[in-house]
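Student: I have a new structure open and would like to learn how to read it. Could we start with a single interaction and work outwards?

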Amino acid sequence: MKVSDQIIQFANFFKQVEKYYKTAFDGVGYEDKLSNDLLHAIEFADNKRERNRLTEELHISRKNRRYYKDVTEELYPVILYITDNEKAINRLTNLLGEVRKAEDYHKDRTYRPRIKKEG
């Protein structure tokens, strides 16, 4: 694997973390609202069968919320790092350009003898 490929993977990691964090954070909010709706539905349910069905939905919603919450807790330190080091992370683009330039130079390198003639 080329050095430029590794830099790209590293930079993409930071971009993906921000997307995953936002998705998980939004998921927590969605599941909170769904839980509230389900609690009200349980409160006003007419019979035991309906309450049992709604309770199962609430159980699933709480498990989903826990998953999203765990993801946000795991990614939050990375988000703080990105925020604190935004300039350094943006400089990865410059670094990538310099590394690619060197890789291109090495890829097309030729040698012309100065003393010894071919032939």
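Tutor: Happily. This is a predicted model, and a good place to begin is a salt bridge between the side chains of Arg-53 and Glu-50, with 2.7 Å from N to O.

Student: Which helix holds Arg-53 and Glu-50, and how many residues apart are they?

Tutor: For any pair, look up the element of each partner and their spacing in sequence. Here both Arg-53 and Glu-50 lie in helix α2, three residues apart, which is about one turn of the helix.

Student: Are Arg-53 and Glu-50 buried or exposed?

Tutor: Relative accessible area is the value to read: under 20% is buried, over 50% is exposed, and partly exposed lies in between. Arg-53 has 42% relative accessibility, so it counts as partly exposed. Glu-50, with a relative accessible area of 30%, is partly exposed too.

Student: Which residues are linked with Arg-53 in a network of salt bridges?

Tutor: Glu-50 and Glu-57 are linked with Arg-53 in such a network. The structure holds six salt bridges.

Student: What is another pair in helix α2 about one turn apart?

Tutor: Try Asp-70 and Arg-66, four residues apart in helix α2. Their side chains meet in a salt bridge at 3.6 Å, N to O. Asp-70 is partly exposed at 30% relative accessibility, and Arg-66 is partly exposed at 42%.

Student: Which salt bridge links distant parts of the chain?

Tutor: Look at Arg-65 and Asp-32, whose closest N and O atoms are 2.4 Å apart. Arg-65 sits in helix α2 (residues 48-84) and Asp-32 in helix α1, with their positions 33 residues apart in the sequence. Arg-65 has 14% relative accessibility, so it counts as buried, whereas Asp-32, at 31%, counts as partly exposed.

Student: What about a buried charge that has no salt bridge?

Tutor: For that case, check the distance to the nearest opposite charge. Glu-31, in helix α1 (residues 3-43), is buried and has no salt bridge. Its nearest side chain of opposite charge, Arg-62, is 7.8 Å away, while the cut-off for a salt bridge is 4 Å.

Student: Which residues does Glu-31 touch?

Tutor: Leaving out residues up to four places away in sequence, Glu-31 touches Ser-61, Asn-64, Arg-65 and Tyr-68. Ser-35 is also in helix α1, and it is buried with a relative accessible area of 5%. With the same sequence neighbours left out, Ser-35 touches Leu-58, Ser-61 and Arg-62.

Student: How many helices and strands does the protein chain have?

Tutor: Count the elements, then follow their order. There are three helices and zero strands, and from the N terminus on they run α-α-α. The radius of gyration is 27 Å, well over the 14 Å that the globule rule gives for 119 residues, so the chain is more spread out than a compact globule. Along its principal axes, the C-alpha trace spans about 100 × 35 × 15 Å.

Student: What percentage of the residues are buried, and what does the surface come to?

Tutor: Buried residues make up 23% of the 119 residues. The accessible surface comes to about 10,100 Å², with 53% of it belonging to carbon and sulfur atoms.

Student: How far apart are the mean positions of the positive and negative charges?

Tutor: The chain has 24 positive and 21 negative charges, and their mean positions are 9 Å apart.

Definitions and conventions
Residues are numbered from 1 along each chain as its sequence is written. This is a predicted model: local features need pLDDT of at least 70, side-chain atom pairs count only at pLDDT 80 or more; totals for chains, interfaces and linings use all residues. Side-chain values use heavy atoms; hydrogens and water are left out. Helices (H or I, at least four residues) and strands (E, at least two) are DSSP runs, numbered from the N terminus. The radius of gyration is taken over C-alpha atoms; the globule rule is 2.2 Å times the number of residues to the power 0.38. Buried means under 20% relative accessible area, exposed over 50%, partly exposed in between (1.4 Å probe, protein chains only). Accessible areas come from the Shrake-Rupley method with a 1.4 Å probe; for residues, only the protein chains shown count as cover. Lys and Arg count as positive and Asp and Glu as negative; His and the chain ends are not counted. The place of a charge is taken as NZ of Lys, CZ of Arg, CG of Asp or CD of Glu. Contact means heavy atoms within 4.5 Å.
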